[in-house]
Every structure is written in structure tokens, then in C-alpha cells.
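Please look over the sequence and the model below before reading on. The briefing that follows takes up the core, the strands, the charged pairs and the surface in turn.

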Amino acid sequence: MNPRITAALLISLAAFVSAVHAQTFPSKSLRIIVPFPPGGAADVTSRLLGEHMAKGLGQSVIVENRPGGGGGDRV
């Protein structure tokens with residue numbers, strides 16, 4: 001076998017073995033940042049999405065409203 005192919009195979013196998021020992025996803029609660037004030041359509045949609053994600057993943061999902069930076073509160 002070609003030495004380059006052998007080296008590439010060994011490197012790829014080493015990467016695969018190290019990936020097996022990685023943490024399971026998600027290892028802690030997920031956070032959804034909503035860039036709009038609470039009570040709007042984006043907030044309600046995010047909370048519904050978070051509820052379904054929590055059921056499917058078996059992990060808590062936190063919806064956090066942070067209006068200002070890139071949100072819709074500009075005049």
C-alpha cells in the first residue's frame with residue numbers, strides 16, 4: 001500500500017477514535033436569545049420552539065429576551 005494512503009488512513013482513524021470520547025450533545029441547558037422585547041410574535045414562537053426542543057432533547061431550553069442590539073426597537 002502507498003505510504004501516503006497509509007498515513008492518511010491512520011490519521012483519519014485517530015480522529016475518529018478521539019471523537020468517540022466527546023461529550024454528548026447537549027451537555028448543559030440550551031439558551032435561545034430573542035433580540036426582541038417579550039410578548040411579541042418572535043417571543044411566542046421562540047418559546048413554543050423551545051418547548052418542543054426540550055421534549056425532543058430531554059434537556060432544558062431557556063428563552064432569553066435581549067432587546068436592543070439587533071432587534072426591532074429602532075425608531
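The largest nonpolar core is made of five residues, Leu-30, Ile-32, Val-34, Val-61 and Val-63, a nonpolar core being a set of buried Ala, Val, Leu, Ile, Met, Phe, Trp, Tyr and Cys residues joined through side-chain atoms within 4.5 Å. Strands S1 (30-34) and S2 are the elements that give two or more residues to this core, and S1 contributes the largest share, three residues. Buried is used here for under 20% relative accessible area, exposed for over 50%, and partly exposed for values in between (1.4 Å probe, protein chains only).

This is a predicted model, in which local features need pLDDT of at least 70 and side-chain atom pairs count only at pLDDT 80 or more, whereas totals for chains, interfaces and linings use all residues. Residues are numbered from 1 along each chain as its sequence is written, and side-chain values use heavy atoms, with hydrogens and water left out.

**Confidence and layout**

- The chain averages a pLDDT of 80, and 75% of its residues score at least 70, where pLDDT is the predictor's confidence in each residue on a range from 0 to 100.
- Two helices and two strands make up the secondary structure, and from the N terminus on these elements follow the order α-β-α-β; helices (H or I, at least four residues) and strands (E, at least two) are DSSP runs, numbered from the N terminus.
- Among these elements, the lowest mean pLDDT (74) belongs to helix H1 (residues 3-20), and the highest (93) to strand S2 (residues 61-65).
- Of the 75 residues of the chain, 16% count as buried.

**The two strands**

- Side chains alternate along S1, with Leu-30, Ile-32 and Val-34 pointing to one face and being buried, while Arg-31 and Ile-33 point to the other face and are not buried.
- Leu-30, which lies in strand S1, counts as buried because its relative accessibility is 18%.
- The C-alpha atoms of Leu-30 and Val-63 are separated by 8.6 Å, although these residues are 33 residues apart along the chain.
- S1 and S2 run parallel and are joined by five bridges, two strands being taken as paired if DSSP finds at least two bridges between them.
- Within S2, Ile-62 is the bridge partner of Arg-31, and Asn-65 is the bridge partner of Val-34.
- Because four of the five residues of S2 are buried, this strand is largely enclosed by the rest of the structure.

**Salt bridges**

- The structure holds four salt bridges, each defined as a side-chain nitrogen of Lys or Arg within 4 Å of a carboxyl oxygen of Asp or Glu.
- In one of them, the side chains of Glu-64 and Arg-31 meet at 2.5 Å, N to O; since Glu-64 lies in strand S2 and Arg-31 in strand S1, the pair ties together parts that are 33 residues apart in sequence.
- The two partners fall into opposite classes of accessibility, as Glu-64 is buried, with a relative accessible area of 18%, whereas Arg-31 counts as exposed at 51%.
- Glu-64 also forms a salt bridge with Arg-66, with the closest N and O atoms 2.6 Å apart, and Arg-66 is partly exposed, its relative accessible area being 48%.
- Through salt bridges that share partners, Arg-31, Glu-64 and Arg-66 are joined into one network.
- A further salt bridge brings together the side chains of Lys-55 and Glu-51 (3.8 Å, N to O), which are separated by about one helical turn because they are four residues apart in helix H2 (residues 41-57).
- Of this helical pair, Lys-55 is exposed, with a relative accessible area of 61%, while Glu-51 counts as partly exposed at 42%.

**Nonpolar surface**

- Leu-9, Leu-10 and Leu-13 make a nonpolar surface patch of about 280 Å², the area coming from the Shrake-Rupley method with a 1.4 Å probe, where for residues only the protein chains shown count as cover.
- Patches are made of residues with over 30% relative accessible area and no salt bridge, like charges being joined within 9 Å and nonpolar side chains (Val, Leu, Ile, Met, Phe, Trp, Tyr) within 5 Å.
- One member of this patch, Leu-13, is found in helix H1 and is partly exposed, with a relative accessible area of 45%.
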